[in-house]
Every structure is written in C-alpha cells, then in structure tokens.
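Please look over the model shown here together with its sequence, and read the report below as a guide to selected local features.

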Amino acid sequence: MTAKNIIPLSMVDWTGHAVTVVFLMGCPMRCPYCHNHQLLNAGQLSSEPANIEEIESEIKTTSPFISAVVFSGGECFQQFDALLHLAEFAHKLGLLVGVQTNGYYTDRIKQMIEKHLVDQICMDVKAPLERDAYLRISGVDAANRVSESLGLYELCKENEIGFEIRTTVFPDFIGSPQEIQLIAESIREIAGDVRYIIQQGIPEHAWKDMPERAYTRDELISLAQIARQFLSDVRIRTKESGEECV
Ligand code: SF4
C-alpha cells in the first residue's frame, strides 16, 4: 500500500513549476475538514492503491513535461521509506522534490533534509500551537511536534530548501482574528520571517460536517493583514482567485 492516486500534471501545487503530485496514504491526524479522507484508512478506498513501481512508472512517463514531484497525502512522512525511495528516484531523473506535510514527524523531516532529498517543504500549522487548540482541530495533541518542525527552518535555509507555512481556515471553526494572530506570532518567534499562506477551506470537500460557508476573499484579506504585522510575505489562496500576495 503506497498511494491512492497521482495527479500527473499540476500547475497549482508549486508556484512556477509544473509538477506531478503523489498522494501517499496514512495520516496520524484526523482533521474533520480533511478533503483527502479516503487516504486515512485503506478500508475507505474505492480502488486498489498504486504500488511503488506504478508510481515510478507514472513519474518517468511525465518527467519530460514536469520540473518537480510533490509528495502529499494523507501525511507523506508516514510511509517514510517509500517517500525516501521515490524522492531519490525523482532526483535521479533530474526533478525537484517538494513535500506537503502536517509537521508531525519532525525527525523524519530532518532526516530527509540532511539526506538532501527535498527542495521545498510546505508545512501546515493548523491551529495556535497549544495542546487544546491542536486537539480540537486535528484530533491529536501535535502542538509540540509542529513547533519543533517549524524550528527546522534554519536548517532549510542552510540547505537552500524552500519553506512555507499554511493554515486552512473555516468560519466558526478555525481562523478567528485572534487565532491567526497567535499562529503568525508563533511562526515569527520559532521559525522567523517565513512565507505564510492562509487558505480558504471549502466546506463541501470536508470529511465531516463543517460550517456551511467558506470565508470570503475579503475576510481572508483581513486575516492576512493581521498576520502581516508579524510576517512580511503573507498570501491568501481562494477558489475564485488562486494565490494572491497581501
Ligand atoms: S493532516 Fe491533512 S491528511 Fe491528515 S487528517 Fe488533517 S487534513 Fe487530512
């Protein structure tokens, strides 16, 4: 068991790059808004997951048309051996490697950096970095782990690895002005002046019942302006307008 599915060609998962996205199965968190919840348990799958050879074949076929492979999930660091193997495979084809992670597996992220097998890390900070807040949003007390993963930014800078942080927001669930302020303050304090993206959560894609409406673009701009008090590169991502600097 490795991956649920693969997007052979995506233009939206790494700004400026055409990429193949590989979704690896499994995740230690249980966010109610998860839009890839079929990846959380093998029992939920409607079809057989792809194995390593099939993924390698897909990457090789699309390699003339892409510049990078992005590993997502689920949480791609949960299947660590498969992730390392596929990252090495992509590098050997001359492709860059990106990961989208929830920051839970700090040691594994560090190992991948030290092995020079990653070029871009996009990390979720799902809630203020406090036990109760993380438990409420992700179902797991992961605040300390995510804080430690944020602290890897210095190592990323030394190794010239791109690093950005993202928070997905839903009205009346996560993303109040106070929560965004706490998150932005923590990013600044622990990592430094890192790019921060506030993403519009889409209720109809959520795993479980979520508030019926999404934040509007104007509401996201207001939240981004709060984060801008602490971070210089803050962006919003919406369904209607894509990524915008604020
Ligand atoms: S961390 Fe991501 S993949 Fe895991 S449950 Fe949350 S939204 Fe889903």
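The report covers the ligand surroundings, one strand and its partner, the nonpolar core and some backbone features.

This is a predicted model, and its local features are reported only where pLDDT is at least 70.

**Ligand surroundings.** The shell around the ligand is made up of Cys27, Met29, Arg30, Cys31, Cys34, Asn36, Gly73, Gly74, Glu75, Asn102 and Ser138. Sorted by class, this shell holds 4 nonpolar, 5 polar and 2 charged residues.

Two residues of the shell, Gly73 and Gly74, are also joined by a backbone feature that deserves a check, since the peptide bond from glycine 73 to glycine 74 is cis, with omega near 15°. Glycine 74 is placed in the loop between strand 3 and helix 2, the latter spanning residues 80-92.

**Strand 2 and its partner.** Strand 3 (residues 68-72) runs parallel to strand 2, and 5 bridges join the two. Within this pairing, phenylalanine 23 stands opposite serine 72 of strand 3. Strand 2 itself, residues 19-24, is mostly covered, with 6 of its 6 residues buried. In a regular strand the side chains alternate between the two faces of the sheet. In strand 2 both faces are covered, for Val19, Val21 and Phe23 on one side are buried, and Thr20, Val22 and Leu24 on the other are buried as well.

**Nonpolar core.** The largest nonpolar core contains 75 residues, and the members that touch the most other members are Val69, Phe71, Ile187 and Ala227. When residues up to four places away in sequence are left out, alanine 227 touches Ile180, Ala184, Tyr196, Ile198 and Val234.

**Positive phi outside glycine.** The table sets out two residues with this backbone feature.

| Residue | Phi | Loop | C-beta neighbours inside 10 Å |
|---|---|---|---|
| Histidine 116 | near 60° | between helix 3 (106-114) and strand 5 (120-124) | 13 neighbours |
| Glutamate 160 | about 55° | between helix 6 (153-158) and strand 6 (162-169) | 7 neighbours |

Are these two residues buried or exposed? Histidine 116 counts as partly exposed because it has 13 C-beta neighbours inside 10 Å, a count that lies between the limit of 12 or fewer for exposed residues and that of 20 or more for buried ones. Glutamate 160, by contrast, has 7 C-beta neighbours inside 10 Å and therefore counts as exposed.

Conventions
Residues numbered from 1 in each chain as written. Predicted model: local features only at pLDDT ≥ 70, side-chain atom pairs only at ≥ 80, totals over all residues. Near = placed C-beta within 6 Å. Nonpolar A, V, L, I, M, F, W, Y, C, P; charged D, E, K, R; others polar. Helix = DSSP H or I, 4+ residues; strand = E, 2+ residues; numbered from the N terminus. Pairing = 2+ DSSP bridges. Core = buried A, V, L, I, M, F, W, Y, C linked by C-beta atoms within 7 Å. Contact = placed C-beta atoms within 7 Å.
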